[in-house]
Each structure stands twice: as structure tokens, then as C-alpha cells.
Amino acid sequence: MTHTTIPATKTARRGAIIEVLASQAITSQEQLRRELAAMGVDTTQATLSRDLLEMRATKVRNAAGVQVYSVPDADGSHTHEAEASQARLVRWCQDLLVATDLAGNLLVLRTPVGAANLLGSAIDAVRMDGIAGTIAGDDTVLVICRTPTDADRVQAALLELADPGSTPPGPT
């Protein structure tokens, strides 16, 4: 369970829309409005419709062939492309992850100089459970996990992905 507080701003509402569209197959505006309300984001149908238009939302077929809403995500991919985001994370873990270090609920990842943003962005795009956020410098990514147990789990998952034999999981 996340403990995220979402302010009642347009920017926060649109961030919540991206979060929902990235984590669920949303087929209607009413379904999206209900999911936002469950997150504590109350919005009218007219506002939601305007947000989707301004965010360049489209309906696309997902891997299961269902038409779902999608918007461009922060990394340039579309929110429905979870498998592509996972594949990017596998590639960047294999190519860029040099070392990891746990400090309570914090996970410090080392990369080659200049590569931290690539790895941090890939972690953000897959929206792993237990991660509150990431901060990337030049050669270091700070992964802020919700609990030390989450940090252990995230570290193990990233190290597994860094294994040269690792492949992204198939659709679930």
C-alpha cells in the first residue's frame, strides 16, 4: 500500500492519470475517473476529458488486443508499453549497473560516469512496487524505497535483471 499524498493541482492530477494508465488497462474515461477517485483524486468528466485531450491520450491495442488509453510517459514511451519499459530496464541493468549498496530503506546504485539518469529513468518507467522515487546524479542513482524490506527486494530484482542471461518477464 502506498502512502502517497496527491495535491489538488492540475499537474498532480495529470501525474496520477499517467500512473493509472501505466499500471492498468483502462478502457473508458469512467473507469479512469473511478481509479483516480480511489487514489483520492476527484475530478469531473469534463475536466478528465480535457486533460486526456491536452495530454495527447489515444486508444491503442495493448498486448492482449484490448483497446486501452495511453499517453506519452516521461521517458517518451507510451504508458501502455510496460513490456518495452521492462526490456529497457533489463538492458540498462545489464549495461550500466556497476554496484549496489543498501542503507536501510535506501538503495544506492553505481553506474559508469554519465549513465545514472538512464538507469534511474528506466527504474521510474517500470514503476516497481515499494519504490517511492529515484534521484539520479552523474554516476549514482538513489532509489528511495518505502521500507528496508522493499529495498532488499528491489536490490535483488535489479541484480537479477543485471545477470547477462536475464530476459524480461512475459505478459502476466
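Which residue takes a positive phi in the hairpin of β3 and β4? I looked this up first in the predicted model. Gly 104 does, with a phi near 70°, and two residues lie between the strands of this hairpin.

**Entry on the hairpin.** I then examined the two strands themselves. Strand β3 covers residues 99–103 and strand β4 covers residues 106–110. I find them paired in the antiparallel sense, over five bridges. Within this pairing I noted Leu 102, which stands opposite Leu 107 in β4.

**Entry on the overall layout.** I recorded six helices and six strands for the protein. Read from the N terminus on, the order of elements is α-α-α-β-β-α-β-β-α-β-β-α. I also looked at how contacts are spread along the sequence. Of the contacts between residues at least 6 apart in sequence, 51% join residues at least 24 apart.

**Entry on burial and surface.** The protein has 172 residues, and 38% of them count as buried. I noted an exposed area of about 9,300 Å² for the protein, of which carbon and sulfur atoms supply 53%.

**Entry on the cysteines.** I searched for disulfides and the count came to zero. I next asked whether two of the cysteines are buried or exposed. Cys 93 has a relative accessible area of 1% and is therefore buried, since buried means under 20%. Cys 145 also counts as buried, because its relative accessibility is 1%.

Terms used: Residues numbered from 1 in each chain as written. Predicted model: local features only at pLDDT ≥ 70, side-chain atom pairs only at ≥ 80, totals over all residues. Heavy atoms only, no water. Helix = DSSP H or I, 4+ residues; strand = E, 2+ residues; numbered from the N terminus. Buried < 20%, exposed > 50% of the residue type's maximum accessible area, 1.4 Å probe, protein only. Contact = heavy atoms within 4.5 Å. Areas by Shrake-Rupley, 256 points an atom, 1.4 Å probe, with all protein chains shown as cover. Pairing = 2+ DSSP bridges. Disulfide = S-S within 2.5 Å.
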